[in-house]
Amino acid sequence: MGCCNEPVTTLTGLPADPTQHVNYERGMVLGVDDFTQEFAYLAGRDQWLAREALGYGTLNGLRVQFENGGSEGPRLHVAAGSALVPSGRLVCVPADQCAVLNRWLAKPENAALVNRLLDPGSPPLSPPLSPPLSPPAVSSGEISLFLTLCHADCKTRPVPIPGEPCRSEDELMKPSRVADDFRLELRQHAPAQVEEDALRDFVRWLRRNIAVLDSSPPQPADPAAWLEAMRGAVQPWLDAQSMSPPLSPPASFATLGDYLFDLGSPRLSLARERQCEFLRTAFRFWVTELRPLWTAMRCHRPQYPDADCVLLARISFEVVWVGGSPSGAWQVDGSPAGLRIDEGARPFLAHLRLLQEWALCGCDCAGSGDGAGDGAAFGGPMAMDFIAPMAISPMQVPIQFFDQDLALDDSQYLVIGRNAAKLALNLPASVPATAGRTYVIKNLDVGALTVFADTVVGDGIDGLPEFSVKKKKAVTLVADGAGQWHSIGTA
């Protein structure tokens, strides 16, 4: 039942049952199978505990940044660190890692990948990957790749093994250890984050659809009514899963744009004194009814073959085809401003000590937005209102003025263009990690202020690649997480 019964591969390649350990009895003669079985049990339970009780993501370090590599071109730098992958395995990157992008692009298989990204109709390059590539149909453009960290291991420390005479050297020496290792890769597609995306949507759904009132709500509600509403919100996703024939690609956050669908109006309302009771009901619903769905998909669905990897960042940069001997090669083009790193979809795990400190004093540190530090935004000291803090306190948003072209990220909300004849704003990709992200864009006195969608991945703004904000006007743009930004109001 479930992922806790996944087989563990031993040194000999034979599967061992991670639910069994060796029953040691006096007089037993222990062999290789007994030791590998005991290892499988101990390692399997450690991974099971991490997978079910903690989750997965970056634990420490693994910062991603670009560096100036001089004549070699830009380098991608990943700092040392550690992570938990979805299977529950720990992955350690013991030292900083660097990749020269132009060297990576020079490899025939990577050059062929660039061709496909810029021109999906280009024929695949079949092995062997030679002779060198001829000039492609598209000679420049922006590409996006996903930096991914995966668990790996390798056999090491060969030792002589007794056996029959007249054996070759390979048969005489066998590895005595299996060392933990890692793989850092630039991929065309991000690893599947089924449970991660669903969890984020669940929390987002609670914050958007639950109103906590100081007075009694107009319609009384109880745990049965709350559960009915939550089950109704997830039903469209379940219906898509059970369709015959099934959706292709399978139903996911990317294809449906949602895991828990909004209730609409009116929202669920509850009195403040019943907030704790509601949270217990909602979290029980997640643990007993929703999470098993995502766990089953992660463990048993063949469409997620790379689910035991962690996404670190989405890397975007301009490339150009340059001449050379005998044909040519791809190289990074443009200034450092054209090198972009998006970590919005990256999962991470905050350690227990950090969460403890936040639980003890985070509400006082947050304050009510007026510098008083009285915790009013969370319902008073030691009473953290995780559901709808903005429903009981004035909203204070970040404001940024700009007079140069700007790439928007998750640190901005209200941006105001001024003191320029022409400005461009570049939106991040509308992907599951950015679903619901909102920008209010004001043109103060700019002659031409244009907002651009990420057309490399096929995004649009109300179906168009760009949106113009007239002088003295403003627009609100919201990402749907499925490739589109929607203008929900202009002024």
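Buried residues are those under 20% relative accessible area, exposed residues are over 50%, and partly exposed residues fall in between (1.4 Å probe, protein chains only). With these classes in hand, the model can be walked through from its overall make-up to its single residues. The structure is a predicted model, in which local features need pLDDT of at least 70 and side-chain atom pairs count only at pLDDT 80 or more, while totals for chains, interfaces and linings use all residues. Residues are numbered from 1 along each chain as its sequence is written, and side-chain values use heavy atoms, with hydrogens and water left out.

The protein chain has nine helices and 25 strands, where helices (H or I, at least four residues) and strands (E, at least two) are DSSP runs numbered from the N terminus. Of its 491 residues, 40% count as buried. Contacts (heavy atoms within 4.5 Å) reach widely along the sequence: among those between residues at least 6 apart, 64% join residues at least 24 apart. The chain exposes about 26700 Å², with carbon and sulfur atoms supplying 57% of that area; accessible areas come from the Shrake-Rupley method with a 1.4 Å probe, and for residues only the protein chains shown count as cover.

The interior comes next. A nonpolar core is a set of buried Ala, Val, Leu, Ile, Met, Phe, Trp, Tyr and Cys residues joined through side-chain atoms within 4.5 Å. The largest such core holds 36 residues, and I315 and F317 touch the most other members. Strand β13 gives the most to this core, with seven residues. Leaving aside residues up to four places away in sequence, I315 touches V64, F66, L76, I143, S144, L145, L147, L186, R340 and I341. Another core, of 26 residues, lies apart from it and has V194, A221, W226 and A233 among its members.

Strand β13 also takes part in the covalent cross-link of the model. A disulfide (a pair of cysteine sulfur atoms within 2.5 Å) was searched for across the whole structure, and one was found. It joins C150 to C309, with an S to S distance of 2.1 Å. The two cysteines link distant parts of the chain, as C150 belongs to strand β9 (residues 140-160) and C309 to strand β13 (residues 309-323), 159 residues apart. The torsion about the S-S bond of C150 and C309 is about 110°, so the disulfide is right-handed. Both partners are out of reach of the probe for the most part: C150 is buried at 1% relative accessible area, and C309 is buried at 5%. Two further cysteines can be set beside them, with C98 partly exposed at 47% and C276 exposed at 55%.

Charged pairs form the next topic. Side chains of opposite charge can pair when their charged atoms come close. A salt bridge is a side-chain nitrogen of Lys or Arg within 4 Å of a carboxyl oxygen of Asp or Glu, and the whole structure contains 15 of them. In one of these, R89 pairs with D308, the closest N and O atoms being 3.1 Å apart. R89 lies in the loop between β6 (81-84) and β7 (90-93) and D308 in the loop between α8 (275-300) and β13, so the pair ties together parts that are 219 residues apart in sequence. R89 is partly exposed, with a relative accessible area of 28%, and D308 is partly exposed at 24%.

R75 forms a salt bridge with E67, the closest N and O atoms being 3.2 Å apart; R75 is partly exposed at 25% and E67 is partly exposed at 23%. The side chains of E343 and R346 meet at 2.5 Å, N to O. Here E343 is partly exposed at 35%, whereas R346 is buried at 9%. R183, E185 and R187 are linked in a network of salt bridges.

Finally, the backbone offers two residues worth a look. Most residues other than glycine have a negative phi. R157 has a positive phi, near 50°; R157 lies in strand β9 and is exposed at 56%. K472 likewise has a positive phi, near 70°. The place of K472 is in the loop between β23 (466-469) and β24 (474-479), and K472 is exposed at 55%.
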